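Here's a quick briefing to read alongside the model. Have the sequence and the 3D view open as you go.

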Amino acid sequence: MSDVMDKMLQQARKCAEEIKRYREVQLVSHIDADGITSGAIIAKSLQRAGIEYDMQFVKQLDENIIKELADRNPELTIFTDLGSGQIEHINNYGLNAIVSDHHRPQGEIDLHLNSHLFGANGSFEISGSGTTFILANQLGNNRDLADLAITGCIGDMQYRKYGKIVSLNREILENNPTAIIPKTDISLFGKQTRPVYKMLQYSSDPYLPGLTGNENACITFLQNMGLKYANDEKWRRWIDLTDEEKTNISSSLLQYSMQNGLSSYNISRLIGESYILLQETEGTEMRDASEYSTLLNATGRYMRAEIGMAVCMGDRGDAYEEAKNLLATHRKNLVDGLNFVKENGVTQLSHLQYFDAGSKIPETIVGIVAGMSHSSNNRYLPIIAFANSDDGYKVSARGTQELVNRGLNLSDAISKVCQEIGGAGGGHDIAAGATVPAGKKEIFIEKLNAIIATQIKKPS
Ligand code: C5P
Ligand code: C5P
Ligand code: ZN
């Protein structure tokens, strides 16, 4: 066991001892896939320990929400996948709280389970769900929930830095091989559920020139390779193909990508690790961590996180059907969002690029769209997105690993600007977000550009 894991376990033990003193607790989690899996992990482990809970999902944690939580006079509140950036408010409102999170800590609290405090970076070494999994296993044996822990970190794209999950995430994976296993495979999305040509057609990361968005071209590509339909004349899914067929398609796709101008970086990303949830049925979204996390995002990001959580808790009836309906809408919104950015373009400054989606992209998915559209925009600059929100602007910022290596820290930069001009934000070095008061977009972007300029050093 790694040294950091050992320290996390000791801290988790302290937190678990506190939890066991209560019969009912208040749970608060984030609305994305990592937050939903975190919520399900803690809820399931409390249920098994005979402790009641009241669950609440929030878009973000701010002073108002913390005040509302405190007004209910809970004996204990457990924050998962959020909280580390709002400790000052948690303390000020006198909440008795446990924070199980992976965002950059701002402030100090006693029962704080966050890998940053023990030397591991929460942007790629462990997610909220992994952190909460460690806590859950101090409440009882909850190792079967490792599949949700890994699904959460995939939702947060923690595999991006090395093309696979590493560090504490890897320890959780490798210690629980009956729940989840890695598999080297084509890295396109939809291997469990999509007909093969659709899997090619909808590939956005990496973008396949000539194939992405072009149904006929994808069908021709596969027919040229002699790929056969199933007996009922229907297209098969990736999981239905023989190993030989999979190898053939993968190598043809690599060859095609080399001939069609894909960068060597993107070519190298075409094959990667997938994570298979062994306790789930093959051919469903839940079998693959990437598809599962998208299904969960499709619920929480539309304020229906309780549906995603019900799926995580085992509901394969109404909740799963509803989640699939929400997924169809989510996909359409992502496509519309990407088209918006393509049509309207981005504005470049010296150290960043940005776009303002106004009310054309929901604030809860503008960060996903920013991240996805980054691959077709200038990757030498971070991308900043604005969308209208009730309190002004929702800001989402995304960088690249190369920029982070050169000093970029979006979480620090955004927190600093918010301190100067109002608003609140935080997150990670590579991805961060904020809410900024109305009318302050220009000053925000100007100051952010200046701070990023001081962070980024020239390549050596
Ligand atoms: O709130 P939270 O920590 O869950 O969000 C993490 C965000 O960081 C995700 O939206 C994810 O897409 C983004 N991310 C990224 N690139 C990485 C790691 C995370 O864009 N390498
Ligand atoms: O919302 P978005 O996906 O852009 O969030 C990126 C990262 O910034 C996430 O880790 C999120 O939790 C964090 N964030 C934050 N405060 C906000 C908005 C986002 O800490 N107001
Ligand atoms: Zn998270």
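Fifteen residues surround ligand 2, that is, 15 with a heavy atom within 4 Å of it, and His103, Lys394, Ser396, Arg398 and Gly433 come nearest. Bear in mind that this is a predicted model, where local features need pLDDT of at least 70, side-chain atom pairs count only at pLDDT 80 or more, and totals for chains, interfaces and linings use all residues. Residues are numbered from 1 along each chain as its sequence is written, chains are lettered from A and ligands numbered from 1 in the order in which they are written, and side-chain values use heavy atoms, with hydrogens and water left out.

**Ligand 2**

- Three side chains make polar contacts here (a pair of N or O atoms within 3.5 Å; within protein, one must be able to donate a hydrogen and the other to accept it, and residues adjacent in sequence count only if both atoms are side-chain atoms). Arginine 398 puts a polar side-chain atom 2.8 Å from a ligand 2 oxygen, histidine 103 does so at 2.9 Å, and histidine 428 at 3.4 Å.
- On its own, ligand 2 has 450 Å² of accessible area, and the protein covers 83% of that (Shrake-Rupley method, 1.4 Å probe; for residues, only the protein chains shown count as cover).
- Strand 11 (392–398), strand 12 (424–427) and strand 13 (431–436) are the elements that give two or more residues to the shell. Helices (H or I, at least four residues) and strands (E, at least two) are DSSP runs, numbered from the N terminus.
- Strand 13 gives the most, with five residues.
- By class, the shell has four nonpolar, nine polar and two charged residues. Ala, Val, Leu, Ile, Met, Phe, Trp, Tyr, Cys and Pro count as nonpolar, Asp, Glu, Lys and Arg as charged, and the others, Gly among them, as polar.

**Ligand 1**

- The residues around ligand 1 include His30, Asp32, Met157, Arg160, Ile430 and Ala431. His103, Arg398 and His428 are on that list too.
- A side-chain N or O atom of histidine 428 sits 2.6 Å from an oxygen of ligand 1. For aspartate 32 the distance to a ligand 1 oxygen is 2.8 Å, and for arginine 398 it is 3.1 Å.
- The protein buries 89% of the 480 Å² that ligand 1 exposes when taken alone.
- This shell divides into three nonpolar, four polar and five charged residues.

**The zinc ion (ligand 3)**

- Asp34 (OD), Asp81 (OD), His102 (NE2) and Asp156 (OD) coordinate the zinc ion at 2.1 to 2.2 Å. Donors are N, O and S atoms within 2.8 Å of the metal (3.2 Å for Na, K and Ca), and water is not among the atoms, so sites may look incomplete.
- Along the chain, the donors follow the spacing D-x46-D-x20-H-x53-D.
- Histidine 102 is in the loop between strand 4 (97–100) and strand 5 (112–113), and aspartate 156 is in the loop between helix 6 (146–155) and helix 7 (167–175), so the pair ties together parts 54 residues apart in sequence.
- Histidine 102 is buried, at a relative accessible area of 0% (buried means under 20%, exposed over 50%, partly exposed in between; 1.4 Å probe, protein chains only).

**Helix 6**

- 10 of the 10 residues of helix 6 are buried, so the rest of the structure largely encloses it.
- Just after helix 6, methionine 157 takes a positive phi of about 60 degrees.

**Strands**

- An open sheet of six strands runs in the order 8-9-10-11-13-12, with mixed pairing (two strands pair if DSSP finds at least two bridges between them). Strand 8 and strand 12 are its edge strands, each pairing on one side only.
- Strand 8 (residues 347–348) and strand 9 (residues 353–356) run antiparallel, joined by two bridges, and a hairpin links them through four residues.
- Threonine 347 stands opposite tyrosine 354 in strand 9, and tyrosine 354 stands opposite isoleucine 384 in strand 10.
- Strand 9 pairs with strand 10 (residues 383–389) in the parallel sense over four bridges.
- Elsewhere, strand 3 (residues 77–80) is joined by four bridges to strand 1 (residues 24–30), running parallel, and pairs with strand 4 in the parallel sense over four bridges.
- In strand 3, Thr77 and Phe79 point one way and Ile78 and Thr80 the other, and all are buried.
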